[in-house]
Amino acid sequence: MIDVFKSLFRPDATPRTEVSPQIAVAALLVDAARADGVYAPDESDAVAALLAAIFSLTPAEARALRAQGEVAQGDAPDIVRFTRVIKFALEEDQRIQLIEALWSVVLVDHQRDPNEDALLRRLPPLIAVSDHDSAAARHRVLARHTAEGS
């Protein structure tokens with residue numbers, strides 16, 4: 001019995017409920033899409049397209065991963081279980097690319113909601129992305145959206 005308790009406090013102990021990095025990324029993308037209280041089809045499609053690009057998936061595989069992310073995000077009490085996985089599973093450049101992907105999702109509707117902004121201010125430190133890199137990622141996405149809109 002004591003060994004069980006000791007294992008809970010080992011630094012290398014993995015929680016039994018830990019999700020895969022792919023599902024963690026999908027769940028955060030879904031969370032960003034839902035942050036404004038609306039999960040429109042164009043946001044859902046954007047999540048699947050980003051998952052396909054990030055993980056080199058077929059459209060069907062990306063939709064399946066998106067569905068897993070939707071379930072995981074809906075069942076999670078908070079985003080920490082996802083950010084913890086991402087922080088340790090992804091390289092720094094991949095985490096920065098994730099910030100760009102998150103901004104792409106929230107800007108699909110061409111509107112910035114305060115809840116989306118709050119989420120994207122809270123996430124970078126949780127996944128070990130610096131303020132500087134996060135701001136640069138946001139600027140790159142905003143520049144692409146501005147160029148696409150003109």
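User: Happy to be looking at this one! In which handedness of crossing does helix 2 pass helix 5?
Analyst: Welcome! This is a predicted model, and in it helix 2 covers residues 21-34 while helix 5 covers residues 80-89. Where helix 2 passes helix 5, the crossing is left-handed.

User: Which residues of helix 5 make that contact?
Analyst: Both helices contribute side by side in the list. From helix 2 come Pro21, Ala24, Val25, Ala27 and Leu28. Their partners on helix 5 are Phe82, Thr83, Val85, Ile86 and Ala89.

User: How many residues of the contact of helix 2 with helix 5 are nonpolar?
Analyst: Let's take the classes in turn. The contact has no charged residues and one polar residue. The nonpolar residues number nine.

User: Is helix 2 parallel or oblique to helix 5?
Analyst: The two axes come within 9 Å and cross at roughly 125°. Because angles from 65 to 115 degrees count as roughly perpendicular and those over 145 as roughly antiparallel, this crossing falls in neither class, and helix 2 is oblique to helix 5.

User: And how is helix 2 oriented to helix 4?
Analyst: Helix 4 spans residues 59-75. The axes of helix 2 and helix 4 come within 7 Å and cross at roughly 70°. That makes helix 2, relative to helix 4, roughly perpendicular.

User: How many charged residues are in the contact of helix 2 with helix 4?
Analyst: On helix 2 the contact includes Asp31 and Arg34, and on helix 4 it includes Arg66 and Glu70. Alongside six nonpolar and five polar residues, the number of charged ones is four.

User: What joins the side chains of arginine 66 and glutamate 70?
Analyst: These two residues lie four apart in helix 4, so about one helical turn separates them. Their side chains meet at 3.5 Å, N to O, in a salt bridge.

User: How many salt bridges does the structure hold?
Analyst: The pair of arginine 66 and glutamate 70 forms a salt bridge. For the structure, the count is four.

User: What residue classes make up the contact of helix 2 with helix 6?
Analyst: Helix 6 covers residues 92-106, and its axis and that of helix 2 come within 8 Å, crossing at roughly 35°. The crossing is right-handed. Val25, Leu28, Leu29, Ala32 and Ala33 of helix 2 meet Leu98, Ala101, Leu102, Val105 and Val106 of helix 6. With no polar and no charged residues, the ten in this contact are nonpolar.

User: Where is the pLDDT below 50?
Analyst: The chain averages a pLDDT of 88, and 87% of the residues score at least 70. Where pLDDT is low, the predicted coordinates should not be read in detail. The stretch below 50, with three contacts beyond near neighbours in sequence, is residues 1-16.

Definitions and conventions. Residues numbered from 1 in each chain as written. Predicted model: local features only at pLDDT ≥ 70, side-chain atom pairs only at ≥ 80, totals over all residues. Heavy atoms only, no water. Axes fitted to C-alpha atoms, helices over the stretch in contact; angles between N-to-C directions. Parallel < 35°, antiparallel > 145°, perpendicular 65-115°, else oblique. Left-handed = near helix turned anticlockwise from the far one by under 90°. Contact = heavy atoms within 4.5 Å. Nonpolar A, V, L, I, M, F, W, Y, C, P; charged D, E, K, R; others polar. pLDDT = per-residue confidence, 0-100.
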